[in-house]
Amino acid sequence: MSRIDVRKTYKLYIGGQFPRSESGRSYVVNDAKGRLLANAAQASRKDARDAVVAARAAFGGWSGKTAYNRAQVVYRIAEVLEGRREQFEAELRAAEGISTAKARTYVDAAIDRLVWYAGWADKITQVVGNANPVAGPYFNLSTPEPSGVIAVVAPRGALLGLVSVVAPLIITGNTVVVIASEDNPLTAITLGEVMATSDLPGGVVNVLTGSQAEIAPWLASHMDVNGIDLTGVEDVALATELEAAGADNLKRVRRPAPDTDWLAEPGLDRMTRFLETKTVWHPIGV
């Protein structure tokens, strides 16, 4: 007896929950051969605002955790992702039309990248912080602190690219609002399902699906967003518009890099770009 496939409608991931878009809109996501894969929620300006509210509410608790605890949580994401690797491999094969071996390579690299960044959580301060020499009976210490809420325009790399831009932000204490790849959004929401069951507090990562051109300008101009990562922006005019909007409240901006080789070894830049340096003076006791 034949049966009808149960077609999934992928929702947003905001504040640890999976709501539909408040607009009620969705759009069709096709596989690499143009066949229907699923429907995805098409986020609106209101959804973007809700995601920023959730990210800001989560920031104090997340940034206040010890670096070791954040490492444990990110490592847990890697563990859960490992357990659902077959699902991710299948989604990558369908969405991107790649071979089984290549899909496995991308999933392996995403898991390894989460572990790599988790290992840096309690080490980045020693590398980029400093005890500064000063004239006088004082300690002068510079310590990195997270910038706050960071908006991310995710690259086409539906899993590895997404992990590579989000992991360094959350491991350093930031909270994130992600606009998933418009063409390949499904893996991003599946990753949200992993995060929702990985001890990651609700609101630390929020995932929106839909149009970059519609959602990104509202995040770039939002006065409670502290930085914006434009890695996945491929439209030069849109990137310029977003940079100009971000300048209004002095956001930190990472310029587009749509041609990044995500299989290349990561560095520290993605962790340090959205850190602030706090310098304190402390008298030396006698």
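User: How many bridges pair strand 4 with strand 5, and in which sense?

Analyst: This is a predicted model, to start with. In it, strand 4 and strand 5 (residues 138-146) pair over three bridges, in the antiparallel sense. One partnership to look at is Asn130 with Ser142 in strand 5.

User: Which sheet do they sit in?

Analyst: An open sheet of three strands, in the order 4-5-11. Its pairing is antiparallel.

User: Which strands are at its edges?

Analyst: Strand 4 (130-132) and strand 11 (275-283). Each of them pairs on one side only. On average, neighbouring strands in this sheet are turned by 25 degrees against each other, direction ignored.

User: What holds strands together in a sheet, generally?

Analyst: Backbone hydrogen bonds do the pairing, and the strands may be parallel or antiparallel.

User: OK, the five-stranded sheet. What order do the strands take?

Analyst: The order is 8-7-6-9-10. That sheet is open, and its pairing is parallel.

User: Why do strand 8 and strand 10 each have one side without a neighbour?

Analyst: Strand 8 (205-208) and strand 10 (252-254) stand at the edges, and each has a single partner strand, so one side of each has no neighbour in the sheet. The average turn between neighbouring strands here is 15 degrees, direction ignored.

User: Which helices pack on that sheet?

Analyst: Helix 6 is one of them; it touches strand 6, strand 7, strand 8 and strand 9. Its direction makes about 160 degrees with that of strand 7. Helix 8 (residues 212-221) packs on the sheet too, touching strand 6, strand 7, strand 8 and strand 9. For helix 8, the angle with the direction of strand 7 is about 155 degrees.

User: Let's zoom in on strand 6. Is it mostly covered or uncovered?

Analyst: Mostly covered. Strand 6 spans residues 149-153, and five of its five residues are buried. On one side are Val149, Ala151 and Val153, and on the other are Ile150 and Val152. Both faces are covered.

User: How many bridges join it to strand 7?

Analyst: Five bridges join strand 6 to strand 7 (residues 175-179), and the two run parallel. Ala151 has Val177 as its bridge partner in strand 7. Val153 stands opposite Ile179.

User: And how many bridges join strand 6 to strand 9?

Analyst: Three bridges, again with parallel strands; strand 9 covers residues 227-229. Ile150 stands opposite Gly227 there.

User: What do strand 6, helix 6 and strand 7 make?

Analyst: A right-handed β-α-β unit. Helix 6 covers residues 160-171.

User: How does the chain get from strand 7 to strand 8?

Analyst: First, the pairing: strand 7 and strand 8 are parallel over four bridges. Val178 stands opposite Val207 in strand 8. The chain crosses through helix 7, and this β-α-β crossover is right-handed.

User: Which way do the residues of strand 8 point?

Analyst: Val205 and Val207 point one way, and Asn206 and Leu208 point the other way. All four are buried.

User: Why does Val205 count as buried?

Analyst: Val205 has a relative accessible area of 2%, and buried means under 20%, so Val205 qualifies.

User: What is Val205 in contact with, beyond its neighbours within four places in sequence?

Analyst: Tyr13, Val166, Ile170, Val176, Met195 and Leu200. As for Ala167, Val205 is 38 residues from it in sequence and 9.8 Å from it in space, C-alpha to C-alpha.

User: Switching to empty space. What is the volume of the largest cavity?

Analyst: About 30 Å³. Residues lining the largest cavity include Leu162, Val178, Ala188 and Val205. Helix 6, helix 7 (186-196) and strand 8 each give two or more residues to this lining. Helix 7 has the largest share, with four residues.

User: What about the largest pocket, what volume does it have?

Analyst: About 280 Å³. It is lined by 19 residues, and closest to its centre are Glu96, Tyr106, Arg156, Gly157 and Trp262. The elements giving two or more residues to that lining are helix 3 (85-96) and helix 6.

How values were computed
Residues are numbered from 1 along each chain as its sequence is written. This is a predicted model: local features need pLDDT of at least 70, side-chain atom pairs count only at pLDDT 80 or more; totals for chains, interfaces and linings use all residues. Side-chain values use heavy atoms; hydrogens and water are left out. Buried means under 20% relative accessible area, exposed over 50%, partly exposed in between (1.4 Å probe, protein chains only). Two strands pair if DSSP finds at least two bridges between them. A crossover is right-handed if, with the strands pointing away from the viewer, the path from the first strand over the helix to the second runs clockwise. Axes are lines fitted to C-alpha atoms, for helices over the stretch in contact, and angles run from 0 to 180 degrees between N-to-C directions. Contact means heavy atoms within 4.5 Å. On a 1 Å grid over the protein atoms alone, a cavity is a set of points where a 1.4 Å probe fits but cannot get out, and a pocket is an open set with protein on both sides within 12 Å along at least five of seven lines; lining residues have an atom within 4 Å of a point. Grid points are joined across faces, edges and corners, and a volume is the space filled by probe spheres set on the points.
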